[in-house]
Amino acid sequence: MAVSDAELTVEVTGAVATVTIHNPGRRNAMTPPMWRRLPVLLDGLEDDPAVRALVLTGAGGTFCAGADLGDLDELLDAGDASIAVAAEERLAAFAKPTVAAVQGPCVGGGCQLAVACDLRIAARDARFGVPPARLGLVYPAPTTRRLTRLVGPSTAKFLLFTAELIDAERALRVGLVDEVVDDLRARVDAVTTAIAQRSQLSVAAAKEIIDDRANAARIAWWHRKVRDSGEAREGVAAHHERRAPNFGWTPSGRH
């Protein structure tokens with residue numbers, strides 16, 4: 001069932017939730033209400049034990065062509081405390097795997113959201129750009145650092161200095177996307193279905209550790225969960241018996 005709120009739609013199919021950016025008159029630009037609404041939607045989906053993966057995409061063949069800049073003075077005064085950065089940080093901290101399914105333009109605020117996802121799968125017509133230098137703006141520091149960790153300093157500088165668009169194949173070469181595919185929906189469905197079938201304990205622990213959000217005590221907690229949950233015993237037994245595992249661990253919600 002799809003529920004529309006502030007031009008974002010949410011559809012949950014099986015274990016996968018899809019959040020769609022819908023603003024056709026502005027090529028899916030994110031408006032202030034959409035930025036504010038996204039963290040609220042993510043809170044609910046993170047707390048839903050039935051949801052094991054999240055897809056972020058855009059309607060009508062466009063991912064997101066940027067952000068509605070709104071009141072310029074308000075934007076300049078906010079700096080890194082903007083509602084866009086808050087939404088980006090909430091998406092990056094989402095406890096379950098996130099996949100950006102990118103078609104068409106993925107620019108500015110759209111690129112900001114895609115980079116905050118765990119994985120990015122692109123259609124061949126996808127285009128990526130970071131345009132603050134065209135507008136005389138400073139890209140937020142958390143966003144700049146996240147982009148740099150993903151593509152490296154040289155490519156981040158190229159994107160930020162030139163504000164040029166790059167195509168999907170170049171985005172793949174520099175590490176901005178993980179795959180470029182002909183059938184975006186089919187591939188995203190296959191990837192998220194695979195994720196949903198894996199041990200959610202393993203997936204959640206891996207995400208925390210890769211994102212450097214697990215200290216020594218938290219890592220020890222994860223190892224205790226492996227021992228106490230029975231996930232490893234089930235996985236090994238299923239491997240030996242050549243059957244699909246029946247993993248039962250689910251996260252208890254936000255922590």
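The following legends describe close-up views of a predicted model.

**View 1. The largest nonpolar core of the predicted model contains 47 residues.** Leu 56, Phe 128 and Leu 147 are the residues with the most contacts inside this core. Helix H1, which spans residues 32-47, supplies the largest share of the core, namely six residues. A second, separate core is made up of 12 residues, among them Ala 53, Val 55, Val 99 and Ile 121. In soluble globular proteins, nonpolar side chains tend to be buried together.

**View 2. Leu 56 is shown with the residues that it touches.** Leaving aside residues up to four places away in sequence, Leu 56 touches Val 19, Ile 21, Phe 63, Leu 91 and Val 99. Ala 100, Ala 101, Leu 113 and Cys 117 are also touched by Leu 56.

**View 3. Trp 221, Trp 222 and Trp 249 form one aromatic cluster.** A search of the whole structure finds two aromatic pairs. In one of them, Trp 221 and Trp 222 meet edge-to-face, with 4.9 Å from centre to centre and 75° between the planes. Trp 222 and Trp 249 are likewise paired: their ring centres are 5.8 Å apart and their planes stand at 65°, so this pair is edge-to-face. The pair links distant parts of the chain, as Trp 222 belongs to helix H11 (residues 216-229) and Trp 249 to the segment after helix H12 (231-241), 27 residues apart. Trp 222 is buried, with a relative accessible area of 5%, and Trp 249 also counts as buried, at 13%. Trp 221 has a relative accessible area of 27% and is therefore partly exposed.

**View 4. Two arginine side chains are placed over aromatic rings.** The charged end of Arg 218 sits over the ring of Trp 221, at 4.2 Å from the ring's centre. Arg 170 lies over the face of Phe 158, and the distance to that ring centre is 4.4 Å.

**View 5. Helix H12 has buried residues along one face.** Glu 231, Glu 234 and Ala 238 are the buried residues of H12. Seen down the helix axis, these buried residues fall within an arc of 65°, so they line one face of H12. An α-helix has 3.6 residues a turn, so residues three or four places apart point the same way. The buried residues of H12 pack against helix H10 (200-210) and against H11. Arg 233, His 239 and His 240 are exposed on the other side of H12. Just after H12, Arg 242 adopts a positive phi of about 55°.

Notes:
Residues are numbered from 1 along each chain as its sequence is written. This is a predicted model: local features need pLDDT of at least 70, side-chain atom pairs count only at pLDDT 80 or more; totals for chains, interfaces and linings use all residues. Side-chain values use heavy atoms; hydrogens and water are left out. A nonpolar core is a set of buried Ala, Val, Leu, Ile, Met, Phe, Trp, Tyr and Cys residues joined through side-chain atoms within 4.5 Å. Buried means under 20% relative accessible area, exposed over 50%, partly exposed in between (1.4 Å probe, protein chains only). Helices (H or I, at least four residues) and strands (E, at least two) are DSSP runs, numbered from the N terminus. Contact means heavy atoms within 4.5 Å. Rings of Phe, Tyr and Trp (its six-membered ring) pair if their centres lie within 6.5 Å; planes under 30 degrees apart count as stacked, over 60 as edge-to-face and the rest as tilted. A charge sits over a ring if NZ of Lys or CZ of Arg is within 6 Å of the ring centre and within 35 degrees of the ring normal. The arc is that of the directions from the helix axis to the C-beta atoms.
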